[in-house]
Amino acid sequence: MSKFLIVGLGNIGEEYADTRHNIGFRILDELVKKEGVSFRVDRLAAVAEYKFKGKLFILIKPSTFMNLSGKAVNYWMQAEKIHIDNVLILTDDLALPLGSLRLKTKGSDGGHNGLKSIQETLNNTAYARLRFGIGNEFSKGKQVDFVLGKWTEEEQKALPPRVDMAIDIIKSFGTIGVSRTMSAFNNK
């Protein structure tokens, strides 16, 4: 059975729940809820397993905090013997409008500390990442406050269909591959 490591980036702790930076956690929480599986606390992460169309998805929410995400990613890749081609990172992105979804096969960290940690730990930038747009509606010098801020009521209303599409992208990534998934979803 093919295995895939799906990593939702975020920060642990109640103070970070429902913040823009934790969209990766939110997507995986919704996937787990919809599929009737649950997370267990394990080494460096909350972990859930989900089977879909003969594929095994190992879902992790690192408990290392954002800046050390690479440690959890590396551990679970090794523990589950999952090749980098079967890794998908779910991350927030300031450069994309709210709810925009972009699947990429490689790239820079774009100033994102979670991606920076993963790239430094793996010594590689060639892993798939699903960038979830959080917009950039903040004043100069207020980027950190915006990223770590809670979603507004208006933003909360816009999220569910986009989170559902992110879940569809995860399933597609594991079943038809990254290239076909990019073709199918990147312009929606």
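Start with two helices: α2 passes α3 in a right-handed crossing. Keep in mind that this model is predicted.

**Stop 1: the helix pair**

Select residues 69-80 for α2. Then add residues 113-122 for α3. Two packed helices are described by the angle between their axes and the distance between the axes. Here α2 and α3 pack at an angle of about 50°, and their axes are 7 Å apart. That angle makes α2 oblique to α3, because it is neither under 35 degrees nor in the range of 65 to 115. Keep α3 selected; it returns at the largest pocket, where it supplies at least two lining residues.

**Stop 2: the sheet**

Now show the strands. Seven of them form an open sheet with mixed pairing. Read across in the order β2-β3-β4-β1-β5-β7-β6. Select 40-42 and 101-104 to see the edge strands, β2 and β6. Each of these pairs on one side only. Turn the view to look along the sheet: neighbouring strands are turned by 25° against each other on average, direction ignored.

**Stop 3: β1 beside β5**

Select residues 2-8 for β1 and residues 87-93 for β5. In which sense do β1 and β5 pair, and over how many bridges? They run in the parallel sense, over four bridges. For a single position, pick glycine 8; leucine 90 in β5 stands opposite.

**Stop 4: the largest pocket**

Rolling a probe the size of a water molecule over the atoms shows where empty space is left. The largest pocket has a volume of about 520 Å³. Which residues lie nearest its centre? Select His21, Asp92, Gly111, His112 and Asn113. They belong to a lining of 25 residues. Next, colour β5, α3, β7 (128-133) and α4 (143-147): each supplies at least two residues of that lining. So far as class goes, the lining of the largest pocket divides into nine nonpolar, ten polar and six charged residues.

**Stop 5: the second largest pocket**

Move on to the second largest pocket, with about 160 Å³ of space. Select Ala17, Asp18, Asn22, Phe25 and Asp29, the closest to its centre among the 13 residues that line it. How is the lining of the second largest pocket made up by class? Six residues are nonpolar, four are polar and three are charged.

Methods: Residues numbered from 1 in each chain as written. Predicted model: local features only at pLDDT ≥ 70, side-chain atom pairs only at ≥ 80, totals over all residues. Heavy atoms only, no water. Pairing = 2+ DSSP bridges. Axes fitted to C-alpha atoms, helices over the stretch in contact; angles between N-to-C directions. 1 Å grid on protein atoms, 1.4 Å probe; cavity = no way out; pocket = protein on both sides within 12 Å on 5 of 7 lines; lining within 4 Å. Points joined across faces, edges and corners; volume = space filled by probe spheres on them. Parallel < 35°, antiparallel > 145°, perpendicular 65-115°, else oblique. Left-handed = near helix turned anticlockwise from the far one by under 90°.
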